[in-house]
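Thanks for making time, everyone. I would like to walk through one structure today, starting with the chain as a whole and then turning to a few side chains.

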Amino acid sequence: MDSQETTEVPTSPSSLNPKEILKYPTKERPQKLQEFKEQLAANKKDLSNTLQFLAHYARYYPDLTKEQFMDYFQKIPGQENLTPTQKDLIQSGIDLYLHRHQQVKQIRAAHPNDHELFGFLFGHQPKGKVEVIVGPITLYFRCNNPEDYAYVYGGNFRDKESGQPDVAAANKSGGVFIQYPEIKGLEHSIILENAHGRDFNTQGKQILTHEEQHAVMALFEDSYKKYSAQLFENGQKAPSFVKENIQVNLFISELALKVLKMDLQDKNEQEQQALIHQALVSGRAIGERRAKDEILAYWKDGREIPTIRYYLKQPKEEGGLYDYFSQEWRKMITNRFVEKLGEPLRPLIEQNIEKVFVTEYQQEILENSFNALGILKMMGISRQQTLNLLINEPLPNWKKVVLRLQEEQRKPSNPKAA
């Protein structure tokens, strides 16, 4: 018998844990692995379907109680197939939604005048017309004066000594999602539109949809953090899919570089190469997350793939807003690493920075994400279903998610298969 074989055979792979496959006899493992892949694809569809229903309830019935939300949740087709962890996470997300919904209602009730609400939140009375649209968890400001928009867009409301707002820079964007306003309780709830010269029924609605999507994504990200903290308090570790969504960008911190420098000591060139590459990939996570947010937000508001590709891949030097790892930025990171790790390592550092942020990110991860959207569209999956399917997946995983769905659709038993 194989040394890893055991009589403790699981009755089903419902735990979504591939390690369970090792409990089967060796000859059965390929079949069990295939079953696991199929179940994982089905689970992702069930999760997508569940999130789609809950988002619908929140949009059309924003004042639901938790009991009503949970009652609807129990009736959603496929929710019974979710793992306990996924159900806990959804409940945590509902709790957070209810809290933010109440915060938005209370702030609006206390400040019913649009201009006065702008002044209260940003410490500056607007110069032009301001319109406020209240969403389930958002306050959406349509700023008709470019200076009012630029004042918030550029962060001048946080730094009163920062001088005049940069209107030219702000005019490159149509809307902005303010993640951390000064008022406690409105985290991830403030959206501004650069409404000067824009008709709401054409461009305005599109911007509202785009920026509201950032608020939804932030809700889930904060739910991951809250859920992970609860597990930590109970002495438990967060599941890998939770940790993937709460990574922080620490790779250029003093501590991280000191640790890396110690790890590099007495290593050969191949080992140094691997360590530097690993540190840079870890640091890339925050940019991947921001890019995912933008791609899904543009996808939800109706943009087509060539347009989204143009926005995400336009270089910063040419006015691009989403070139998170620009040439200028890569030069800064190179100098930072060389300063802390030593000039002799410059060739390895430069080589890995180009590999991680150009070859892997720009040429592979981003392109794979655009291809994933295209394949899902050809498979007949709606924009909202696509959104819910990918919202919990790190950007590098999108290709794998689509491949699993394609495998499932090609099964002979599936009526959609060709």
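What follows is a short tour of the fold, one buried serine and some salt bridges.

This is a predicted model, in which local features need pLDDT of at least 70 and side-chain atom pairs count only at pLDDT 80 or more, while totals for chains, interfaces and linings use all residues. Residues are numbered from 1 along each chain as its sequence is written, and side-chain values use heavy atoms, with hydrogens and water left out.

The chain has 16 helices and four strands, these being DSSP runs (H or I, at least four residues, for helices; E, at least two, for strands) numbered from the N terminus. Of its 418 residues, 47% are buried, where buried means under 20% relative accessible area, exposed over 50% and partly exposed in between, with a 1.4 Å probe and protein chains only.

Ser189 sits in the loop between β3 (175-178) and β4 (190-194), and it counts as buried because its relative accessibility is 0%. A polar atom of its side chain lies 3.0 Å from the backbone oxygen of Ile137.

The whole structure holds 18 salt bridges, each a side-chain nitrogen of Lys or Arg within 4 Å of a carboxyl oxygen of Asp or Glu. One of them joins Arg330 to Glu354, with the closest N and O atoms 3.1 Å apart; Arg330 lies in helix α13 (residues 327-341) and Glu354 in helix α14, so the pair ties together parts 24 residues apart in sequence. Arg330 is buried, at 12% relative accessible area, whereas Glu354 is partly exposed at 37%.

Definitions and conventions: A polar contact is a pair of N or O atoms within 3.5 Å; within protein, one must be able to donate a hydrogen and the other to accept it, and residues adjacent in sequence count only if both atoms are side-chain atoms.
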